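Please have a look at the cysteines, the charged side-chain pairs and the nonpolar surface of the structure shown here. The report below takes these topics in turn.

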Amino acid sequence: MLNIKKLALKSLLIAALIPLAVVSVHTMPPPDQLASVQRTDNSGLSLSAEPITIDGVFHNKGNIVTLIENYGYIGGYKYGLPSGEWPRNSGHSYLAEILYWIGGVPGSGDTLMANSTDDLQGMMMPVGGVDQYSILLSTDSTRYWGYDPTDTVGLGLSNPALGWRVWDPTTETWEYNQPYNSLAADFQEAGPTSLQDSHYRMNDVAYGSSLLGLEMTHTVLQWNYCYNEDFMIMLLEITNTTDQDYTDFAFGLYCDIDVGGEDGMGSNGRQEDMVVYDTTESLAYIYDVIGIDPGWGPTVQTGVMGTKLLETPNDIGMTAFRTDDWAYLPSDDEGRFAMANSTQWDEPLPPTDQFYVQCVRGIDIAAGATVRVVYALIAGADPADFEDNAAMAQELYDNYFVGPQPPPTPTLKARASDGKVYLYWNDTSEVAVDPMTLENDFAGYKLYRSDNQGKTWGNVIWATGNDCLDIDYTPLAAYSVISPGDPMPHSFIDTGLYNGVEYWYCLAAFDTGDSTMDPLQSGFGLAGQSENIIAATPRSRSAGFIEAAATVIHDYTGTGSPSDGEVIPVVFDETETVGAEYRVVFEDGMTGSFWHLINVSTGDTVLADQSMTAGDPNYVEVVEGIRVLVYDGELEPPSMAQTEFGGTGTTLALGTYTGPVLPYWTGVPEYAFGMDQYRGTYELRYSTDSTMAVSLWEGFDGVPYPQTPVPFEVWNISINQRVSLMMDEWPVDGTWDPHSDLIIANVPYDPLGDLTAEAFPYIVGWRFSLDEDSYAPVDGDVFTVEGAPVNGPDDVFSFKIDGVDAAMAKEQLKNIRVVPNPYFVQYSSMVETAEGESVLQFQRLPSECTIRIYNLAGDLMRTLNHYDDDGSGMCEWNLRSTANRQVASGMYLYHVESGYGEYVGRFAVIK
């Protein structure tokens, strides 16, 4: 939907500077049944040489979903498929069909009109190096012409590039698509023009020979931004391949729009349809005069759908408008030409089932020439909304399809588990430049969840404060950029979910907006059709299933104590894992300590020099389908106390402790630097052989200060080495006091060396003092600072990816269960989403097994072969026998046979 604010985009759009270039169209693979569709006229005569010449794809990127077929036919109504469905995923189709009429009276004197249902058929095009009767579709790489999957950016336009080619009727060759690149203020080779382009060729030889020698290219463009999601633009280029000049041809855009669905009583809301047209704007639409259709339900407000001519040959415009009851549609060339070539502006009929034709007469097509007809299929909530959307379609077309857009759509992936779903995504949205402002205006992400297959996405937020975003939903999670360059999360685990329920997730990237436009965000869509929409169904785990986190082994090769660190691997995508075993190792550096992730199976370092050991797990990168969380032990000495006594009492006790010294003074935790100086255990041994301590302030001030004799030797007993001391006191007077703050520097003690140069700032440790009230050391007294249990080079964590343990699987066969048990009328509307559907689930199964279901008489009712490679452990049964009959109420036995053993259970069905 569109409101008035969206029309302010006009001031943002780039002025047209040069003629429009050829653009491409996008569609989705046709359903299987389309392969067998064969068109016939009323006599039963085939209108296509072979059924395979018909190809169809779905345009479903925007808020209108419809079938496009390669013979100039738009609509899937006759197949029971989405046909001008609006809004997307509502099940409300408005479009019976759109057809093209083109022709006139050539030199033969006969009236000839090439029309979609009788004369036009698809032409063969190169797809993947093979000529096929196929429609190219930009969201389906199997339909690209010569697509190079490694070339995915293309001149910074963030679209697949240099594999998207369209037919240029002028040069009669396949050319790289030429969208307008506002960064260069020119048309340049790149990928699709819209978010979803489709492109095909057709001619007028459906009867085996050419009617008029016409060849056409057909392109469809669709978007899903808030201001352009309610229309799709169709470009039709018509070429005269003969040596005869055609004059005074006529073009008719035939539209049969039905507002309403079957009500189950033989009637349809189309009987209350009303036609409206506007000669100035070259648009027309149909709406339901009641506004509520019984076929769609008593609470469903009907909308508006229609068309607008955006460009006509020589700017002729709409020269006539014809409308009538569908029963009086002309069925021959003479009747069609008379209607398309007239100058009549029909008065709309009273509400009934009616069609309309937008007419363009007086078209000249010289021999070898190409003319262009462009129109938009538009929907709206009401006439005003429709007209706003129509105006925006014209603006977008006039400005080479360049308008404000949100950050590029992120790619969302998911993996379902027991009661949870693991989600992760790429950073595509974060690095791109807006084509209008030429700036990176990425502002964050919103993650939504739907439990009704995308009909809604959570609790509705009507007051969005955003003139472009009419409604929004409360997100499952939201992340915003506070400062440019802020790290952003790329993963999320959704928990507390119901097994067996299909959840849809949408990851929307949004921008900052500007003074003329509120923030834009990537749109909602359909799972499997939009990169940012994914469906996932949580399922119970198979018998013996072990997650990667349960396989972690901590090995320690040092002479001290292992760290208290922890490694938690989580498999987000088992299809992306490479090999079966991984290892996390650690390395100390001057500026910090790091960890590396090694793929043991391949020997590759998957992640290197990683320093993150805490914080929000969602910010941790997912690599090879795995997210590895590494937690360190506490950076605190477990104990600081006197451990050896030369006399009878405690003479050395802790006074103050403030942690690592540099974070204490700077307030920057990262200034603790490497962990080696904190990992060792140190002894302060009272001795008259003093240690000469260097002032910490030499490092801060860059000038020498007097050294201070401290009556202790300091030993790193983890490596049996005497090390150095620093003192933190002011003023620096070279005098030792028990309450003076000490800092251990893990550098070999050398009274003649330059400790500041060698140790500051990277090798200085804790800041602490001794208690002056109890201070009275004697020879043999030792004060020990125990090393912090942080990760180090001697710590190694190994783990395996998710898998099945055979012994555990055998033991867990007893946990197999049936849900629900008993089955009573219906399991759950969230699981049984289709009318009349029955679903019974066998859960916690082995990953591969056979399930045999018997009645109490011992009759075999059904055999189910279960196999899963993702550890889901669940198999569904539709409560139908082998003969496809619903089973009766009663008690049933089931026998599970697997490589781990057998199990017998029972369940009840109550109807």
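What follows is a description of a predicted model, beginning with its cysteines.

**Cysteines**

A search of the whole structure finds 1 disulfide, and the pair that forms it is Cys226 and Cys468, with their sulfur atoms 1.6 Å apart. This disulfide links distant parts of the chain, since Cys226 sits in the loop between β15 (214–222) and β16 (231–240), while Cys468 sits in the loop between β27 (460–461) and β28 (472–473), 242 residues apart. The torsion about the S-S bond of Cys226 and Cys468 is about 95 degrees, and the disulfide is therefore right-handed. Both partners, Cys226 and Cys468, are buried.

Two further cysteines deserve a word. Cys255 takes part in no disulfide, and the nearest cysteine sulfur, which belongs to Cys359, is 11 Å away; a disulfide would call for sulfur atoms within 2.5 Å. Cys255 is buried, its relative accessible area being 0%. Cys506 is likewise in no disulfide, the nearest cysteine sulfur being that of Cys226 at 13 Å, and Cys506 counts as buried at 0% relative accessibility.

**Salt bridges**

How many salt bridges does the structure hold? There are 21 salt bridges in the structure, and the table gives three of them with the separation of the N and O atoms.

| Salt bridge | N to O distance |
|---|---|
| Glu576 and Lys413 | 3.6 Å |
| Asp588 and Arg679 | 2.8 Å |
| Arg685 and Glu683 | 2.9 Å |

The salt bridge between Glu576 and Lys413 has its closest N and O atoms 3.6 Å apart. This pair links distant parts of the chain, with Glu576 in the loop between β35 (566–571) and β36 (581–588) and Lys413 in strand β24 (residues 412–417), 163 residues apart. Glu576 is partly exposed, having a relative accessible area of 34%, and Lys413 is also partly exposed, with a relative accessible area of 32%.

The side chains of Asp588 and Arg679 meet in a salt bridge as well, at 2.8 Å from N to O. Asp588 lies in strand β36 and Arg679 in helix α5 (residues 676–679), so this salt bridge ties together parts of the chain that are 91 residues apart in sequence. Asp588 counts as partly exposed, at 26% relative accessibility.

In the salt bridge of Arg685 with Glu683, is each partner buried or partly exposed? Arg685 is partly exposed, with a relative accessible area of 27%, whereas Glu683 counts as buried because its relative accessibility is 11%, and buried means under 20% relative accessible area. Elsewhere, Asp118, Asp333 and Arg336 are joined into one network by salt bridges that share partners.

**A nonpolar surface patch**

Which residues form a nonpolar patch on the surface? Leu183, Val433 and Leu438 form such a patch, and together they have about 240 Å² of accessible area. One of these residues, Leu438, is placed in the loop between α3 (428–431) and β26 (442–450), and Leu438 counts as partly exposed at 45% relative accessibility.

Notes:
Residues numbered from 1 in each chain as written. Predicted model: local features only at pLDDT ≥ 70, side-chain atom pairs only at ≥ 80, totals over all residues. Heavy atoms only, no water. Helix = DSSP H or I, 4+ residues; strand = E, 2+ residues; numbered from the N terminus. Buried < 20%, exposed > 50% of the residue type's maximum accessible area, 1.4 Å probe, protein only. Salt bridge = Lys/Arg side-chain N within 4 Å of Asp/Glu carboxyl O. Patch = residues over 30% accessible without salt bridge, like charges linked within 9 Å, V, L, I, M, F, W, Y side chains within 5 Å. Areas by Shrake-Rupley, 256 points an atom, 1.4 Å probe, with all protein chains shown as cover.
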